[in-house]
Amino acid sequence: MDTKKNIPGFVHIEDRKELRAGGILDVGTCDGRLVTARTGAGRLAVRGMGLTMQKLDSTTGEMVVTGQIDSVQYLGSEKKGGFWSRVLK
């Protein structure tokens, strides 16, 4: 059982310069323009300029990213297949 999936998720952006997120299961991409992370609610994409990972705590599932934050987007759900995918098999 993955206990990290039970960590509550949140996204907090302060002044478009700092993003704090919770419920992070792991981080995929981390470069100056894009940070992607997997959460219980789906993949999270943070786009901007000069993005730097300041904190990643695998115990608490918290992440802090600083830089110029231009957009934050959930890319999809962790749930596999919805109602229509089951109906249209």
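## Strands, bridges and a patch

Valine 11 has its bridge partner in S2, and that partner is alanine 21. Before the exercises: this is a predicted model, where local features need pLDDT of at least 70 and side-chain atom pairs count only at pLDDT 80 or more, while totals for chains, interfaces and linings use all residues. Residues are numbered from 1 along each chain as its sequence is written, and side-chain values use heavy atoms, with hydrogens and water left out.

**Exercise 1.** Work out how S1 and S2 run, and which residue of their hairpin takes a positive phi.

*Step 1.* Find the strands, which are DSSP runs of E with at least two residues, numbered from the N terminus. S1 covers residues 10-14 and S2 covers residues 18-22.

*Step 2.* Check the pairing, for which DSSP has to find at least two bridges between two strands. Here 5 bridges join S1 to S2, and the strands run antiparallel.

*Step 3.* Now the turn: the hairpin has 3 residues between the strands, and aspartate 15 takes a positive phi near 55°.

**Exercise 2.** Follow the chain through S3, S4 and S5: how many bridges join S3 to S4, and how many join S4 to S5?

*Step 1.* S3 (residues 24-30) and S4 (residues 34-39) are antiparallel and joined by 4 bridges. Valine 27 sits opposite alanine 37 of S4, and the S3–S4 hairpin has 3 residues between its strands.

*Step 2.* S4 is joined to S5 (residues 42-57) by 6 bridges, again antiparallel. Leucine 34 faces arginine 47 of S5, and the hairpin from S4 to S5 goes through 2 residues.

*Step 3.* Stop at glycine 48, which lies in S5. Glycine 48 counts as buried because its relative accessibility is 6% (buried is under 20%, exposed over 50%, partly exposed in between, with a 1.4 Å probe and protein chains only). Neighbours within four places aside, glycine 48 is in contact (heavy atoms within 4.5 Å) with Gly32, Arg33, Gln68 and Asp70.

**Exercise 3.** Which side chains meet aspartate 15, glutamate 18 and lysine 55 in salt bridges?

*Step 1.* Apply the cut-off: a side-chain nitrogen of Lys or Arg within 4 Å of a carboxyl oxygen of Asp or Glu. The whole structure gives 5 salt bridges.

*Step 2.* Aspartate 15 meets lysine 17 at 3.8 Å, N to O, and both are exposed.

*Step 3.* Glutamate 18 meets arginine 20 at 3.1 Å, N to O. Glutamate 18 is partly exposed because its relative accessibility is 22%; arginine 20, at 34%, is partly exposed too.

*Step 4.* Lysine 55 bridges to glutamate 62, with the closest N and O atoms 4.0 Å apart.

**Exercise 4.** Which residues form the nonpolar surface patch, and which elements give two or more of them?

*Step 1.* Patch residues need over 30% relative accessible area and no salt bridge; like charges are joined within 9 Å, nonpolar side chains (Val, Leu, Ile, Met, Phe, Trp, Tyr) within 5 Å.

*Step 2.* Val11, Ile13, Val72 and Tyr74 make up the nonpolar patch, together showing about 290 Å² of accessible area (Shrake-Rupley, 1.4 Å probe; for residues, only the protein chains shown count as cover). The elements giving two or more residues are S1 and S6 (62-76).

*Step 3.* Tyrosine 74, in S6, is partly exposed because its relative accessibility is 41%.
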